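Me: I would like a close look at one part of this model. Please concentrate on how the helices pack and on the aromatic residues found there, and give the geometry together with the residues involved.

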Amino acid sequence: MYVDSEVSALRTVLLHRPGPELARLTPRNNDSLLFDAIPWVGRAQEEHDSFAEALRSRGVEVLYLGSLLTEVLAVPEARDELTAGVLTDPRLGDSLRTVVSSYLQDLDPDRLAGVLMAGLAHEEIKPGAGGLVYEMMDRYDFVIDPLPNLLFTRDSSVWVGDRVAVTSLAMPARRRETTITHAIYRYHPRFAGVPLLYDPSLEHVEGGDVLVLAPGVLAIGVGERTTPAGAERLARRVLSAGLAHTVLAVPIAQERATMHLDTVCTMVDVDAMVIYPNIATSLVAWTITAGLDELRVTAPRPFLEAAAEAMGIDHLRIIDTGLDPVTAEREQWDDGNNTLALAPRLCVAYERNIETNEQLERAGIEVIRISGSELGSGRGGPRCMSCPIVRDPLH
């Protein structure tokens with residue numbers, strides 16, 4: 001298990017096939033659960049299956065989070081930890097907590113995994129069983145909230161070298177995702193002995209904000225989800241572990257359209273990046289390196305210039321999203337920049353971003369187009385939906 005770039009040949013990836021948790025989205029809760037629309041679940045699954053098959057057709061091993069979770073729940077310590085994480089929710093109260101605890105204890109690993117991901121609705125518990133809390137809940141409320149954003153496996157963990165950072169998600173609707181990821185990396189035999197670089201108790205960092213630009217070079221977006229303190233903590237850890245020699249902290253607008261750094265730029269070759277042109281020249285970066293006793297932080301400078309210098313290249317080739325400001329804005333919103341590189345000059349992108357994909361191909365990048373009309377309702381593209389676990393070392 002090793003990742004030292006965004007673009008070297010992808011060998012193993014973690015995905016989550018959308019399931020019943022998406023069917024829990026309603027007009028009452030889709031905003032709080034961070035979806036812009038209510039997806040057609042069956043179509044979303046078809047689109048995701050096509051995405052997974054596109055990866056397999058290029059020799060990529062696909063691991064599914066749901067399957068790993070089911071296997072982990074056969075380990076008593078993991079089962080206890082994950083159920084305890086649900087039961088500590090202060091909304092439950094003692095009576096309902098007792099009922100939920102009993103309910104979860106009776107489930108086999110497969111059904112328990114389903115509840116941990118898709119949640120537990122008020123109507124799925126016997127009426128009157130949970131005391132005052134249960135009685136005062138709306139019948140459409142959830143005793144255990146669903147996790148529809150599990151689809152975006154990039155955010156809850158990120159690999160740097162041979163270590164994994166289990167991240168600290170900023171939005172309340174997503175924080176329980178990392179309890180699942182944390183348990184998988186600690187208890188599943190596939191990951192036995194893997195050192196953890198970060199954990200969910202630390203300052204907020206999300207994987208969509210972390211780009212491994214080249215061996216030894218990380219860019220960390222700071223904005224709506226990742227805080228300056230989180231970027232500093234992760235930088236300190238990767239530098240002290242010798243996993244990087246340079247970390248670039250890149251402030252991005254705290255807006256839904258630019259929630260993560262990978263919503264505005266992704267690498268598509270060892271020296272090329274697709275980027276939202278409306279901000280390409282305005283992005284800056286603080287450069288962080290290891291000092292004798294403390295981190296050395298240098299004043300901000302243009303991001304593209306700082307990145308090229310840290311990567312040891314003359315300049316980064318830039319591929320614009322769209323050909324005009326309006327098209328660029330539309331395709332940026334539709335995740336035109338959020339590509340997943342399978343190898344240098346080979347990436348996966350949503351088919352609807354016609355102009356951006358044509359721009360990529362003009363620049364010599366092969367584009368594997370996938371449909372995403374339903375998958376994109378949670379604001380995420382192919383990179384958001386994938387967590388690379390093994391890539392070939394970049395030479």
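Reply: What follows describes helix H8 and its surroundings, and then turns to the neighbouring contacts. The model is a predicted one, and every value below is computed from it.

Helix H8 spans residues 177-187. Its packing against H3 is a convenient starting point: the two axes lie 10 Å apart and make an angle of about 65°. This crossing of H3 and H8 is left-handed. On the H3 side the contact is formed by Leu65, Leu68, Leu69 and Val72, and on the H8 side by Ile180, Ala183, Ile184 and Tyr187. Sorted by class, the H3 contact with H8 comprises eight nonpolar residues, with no polar and no charged ones.

H8 also packs against H4. The axes of H4 and H8 come within 10 Å and cross at roughly 165°. At that angle H4 is roughly antiparallel to H8, because angles over 145 degrees are counted in that way. The crossing of H4 and H8 is right-handed. Here Glu77, Ala78, Glu81 and Leu82 of H4 meet Thr179, Ile180, Ala183, Arg186 and Tyr187 of H8. By class, this contact of H4 with H8 holds five nonpolar residues, one polar residue and three charged residues. Ile180, Ala183 and Tyr187 of H8 thus appear in the contact with H3 and also in the contact with H4.

The aromatic residues connect H8 to other parts of the chain. Three aromatic pairs are present in the structure. In one of them, the ring centres of Trp159 and Tyr185 are 5.7 Å apart and the planes stand at 75°, so the pair is edge-to-face. Trp159 belongs to strand E5 (residues 157-160) and Tyr185 to helix H8, and the pair links distant parts of the chain, with the two positions 26 residues apart. Both Trp159 and Tyr185 are buried. Tyr185 pairs with Phe191 as well: their ring centres are 4.9 Å apart with the planes at 75°, so this pair is also edge-to-face. Phe191 is buried, as is Tyr185. Trp159, Tyr185 and Phe191 together form one aromatic cluster.

The loop that leads from strand E6 (163-166) to H8 contains Ala173. This residue has a relative accessible area of 19% and is buried, because the cut-off for that term is under 20%. Apart from residues up to four places away in sequence, Ala173 touches Ser32, Leu33, Leu34 and Leu147. Its C-alpha atom is separated by 36 Å from that of Leu394, which is 221 residues away along the chain.

H3 has a further partner in H6. The axes of H3 (residues 65-72) and H6 (residues 109-118) come within 8 Å and cross at roughly 125°. That angle makes H3 oblique to H6. The crossing of H3 and H6 is right-handed. Leu65, Gly66, Leu69 and Thr70 of H3 make the contact with Pro109, Asp110, Ala113, Leu116 and Met117 of H6. By class, this contact has six nonpolar, two polar and one charged residues. Leu65 and Leu69 of H3 are therefore listed in the contact with H6 and likewise in the contact with H8.

Finally, Thr83 is located in helix H4 (residues 76-87). Thr83 is buried, with a relative accessible area of 12%. Leaving out neighbours within four places in sequence, Thr83 is in contact with Leu104 and Leu112.

Definitions and conventions: Residues numbered from 1 in each chain as written. Predicted model: local features only at pLDDT ≥ 70, side-chain atom pairs only at ≥ 80, totals over all residues. Heavy atoms only, no water. Axes fitted to C-alpha atoms, helices over the stretch in contact; angles between N-to-C directions. Helix = DSSP H or I, 4+ residues; strand = E, 2+ residues; numbered from the N terminus. Parallel < 35°, antiparallel > 145°, perpendicular 65-115°, else oblique. Left-handed = near helix turned anticlockwise from the far one by under 90°. Contact = heavy atoms within 4.5 Å. Nonpolar A, V, L, I, M, F, W, Y, C, P; charged D, E, K, R; others polar. Phe/Tyr/Trp six-rings, centres within 6.5 Å; stacked < 30°, edge-to-face > 60°. Buried < 20%, exposed > 50% of the residue type's maximum accessible area, 1.4 Å probe, protein only.
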